[in-house]
Amino acid sequence: MPHVSIKHWPTTFTESQRDELVSELTRTVTRVFGVEEGSVSIAVEAVEPSRWMDEVHTPEIAGRAHLLWKQPHYSAPIPTQAP
């Protein structure tokens, strides 16, 4: 713990970009959560734009709006519910 999961439209990353993303995310997560680097896992998954709404937006963004700390700008604000 903790686990970071990133879904994105397909793109090509250089090894340097991949290393930078992992390094920066790990640095932030370990600092904020107060955990060791070895406890952090990071998954990165490409999702085709044609599948984005069905596989990501509807179930994970709109369907779990109460968990969002930041909403995307490409959609109307998602109503949040009090916990």
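**View 1. S1, H1 and S2 form a right-handed β-α-β unit.** The model shown is predicted. From the N terminus on, the chain's elements follow the order β-α-β-α. The secondary structure totals 2 helices and 2 strands. Strand S1 covers residues 3-8. Helix H1 takes in residues 15-33. Strand S2 is made of residues 41-46, and helix H2 of residues 49-62.

**View 2. The two strands pair in the parallel sense.** S1 and S2 are joined over 6 bridges. Histidine 3 has serine 41 as its bridge partner in S2. Farther along, isoleucine 6 faces valine 44 of S2. In a regular strand, side chains alternate between the two faces of the sheet.

**View 3. Valine 44 sits in strand S2.** Is valine 44 buried, partly exposed or exposed? Its relative accessible area is 46%, so valine 44 counts as partly exposed. Contacts of valine 44 beyond four places in sequence are with Ile6 and His8. Ile6 is also the residue that stands opposite valine 44. The C-alpha atoms of valine 44 and serine 5 lie 6.1 Å apart. Along the chain, 39 residues separate this pair.

**View 4. Histidine 8 belongs to strand S1 and is buried.** The relative accessible area of histidine 8 is 15%. The cut-off for buried is under 20%, so histidine 8 falls within that class. Which residues does histidine 8 contact, leaving aside neighbours within four places in sequence? They are Phe13, Val44, Glu45, Ala46, Val47 and Trp52. Of these, Val44 lies in S2, and Trp52 is a buried residue of H2.

**View 5. Glutamate 48 lies in the loop between S2 and H2.** Its relative accessible area is 39%, so glutamate 48 is partly exposed. How far apart are the C-alpha atoms of glutamate 48 and histidine 8? The separation is 8.2 Å, for two residues 40 apart along the chain. Histidine 8 itself is buried.

**View 6. Helix H2 has a kink at valine 56.** The kink is about 35°. It comes shortly before proline 59. H2 has 14 residues. A straight helix would reach 20 Å at 1.5 Å a residue, but the end C-alpha atoms of H2 are only 17 Å apart.

**View 7. Four residues of H2 are buried: Trp52, Val56, His57 and Ile61.** An α-helix has 3.6 residues a turn, so residues three or four places apart point the same way. What covers the buried residues of H2? The cover includes strand S1. One contact between the two elements joins Trp52 to histidine 8, a residue of S1. Val56, one of the buried set, also marks the kink.

**View 8. Threonine 30 is found in helix H1.** Its relative accessibility is 17%, so threonine 30 counts as buried. Which residues does threonine 30 touch, not counting those up to four places away in sequence? The list is Val35, Glu36, Glu37 and Val40.

**View 9. The peptide bond from methionine 1 to proline 2 is cis.** Its omega is near -5°. Proline 2 lies in the segment before S1.

**View 10. The whole chain gives context for the close-ups.** The chain has 83 residues, of which 19% count as buried. Histidine 8 and threonine 30 are among the buried residues. The chain exposes about 6700 Å². Carbon and sulfur atoms supply 55% of that area. Among contacts between residues at least 6 apart in sequence, 52% join residues at least 24 apart. The contact of histidine 8 with Val44 is one contact across the two strands, which pair in the parallel sense.

Terms used
Residues are numbered from 1 along each chain as its sequence is written. This is a predicted model: local features need pLDDT of at least 70, side-chain atom pairs count only at pLDDT 80 or more; totals for chains, interfaces and linings use all residues. Side-chain values use heavy atoms; hydrogens and water are left out. The expected span of a helix is 1.5 Å times one less than its number of residues. The bend at a residue is the angle between axes fitted to the seven residues ending there and the seven starting there. Buried means under 20% relative accessible area, exposed over 50%, partly exposed in between (1.4 Å probe, protein chains only). Contact means heavy atoms within 4.5 Å. Accessible areas come from the Shrake-Rupley method with a 1.4 Å probe; for residues, only the protein chains shown count as cover. Two strands pair if DSSP finds at least two bridges between them. A crossover is right-handed if, with the strands pointing away from the viewer, the path from the first strand over the helix to the second runs clockwise.
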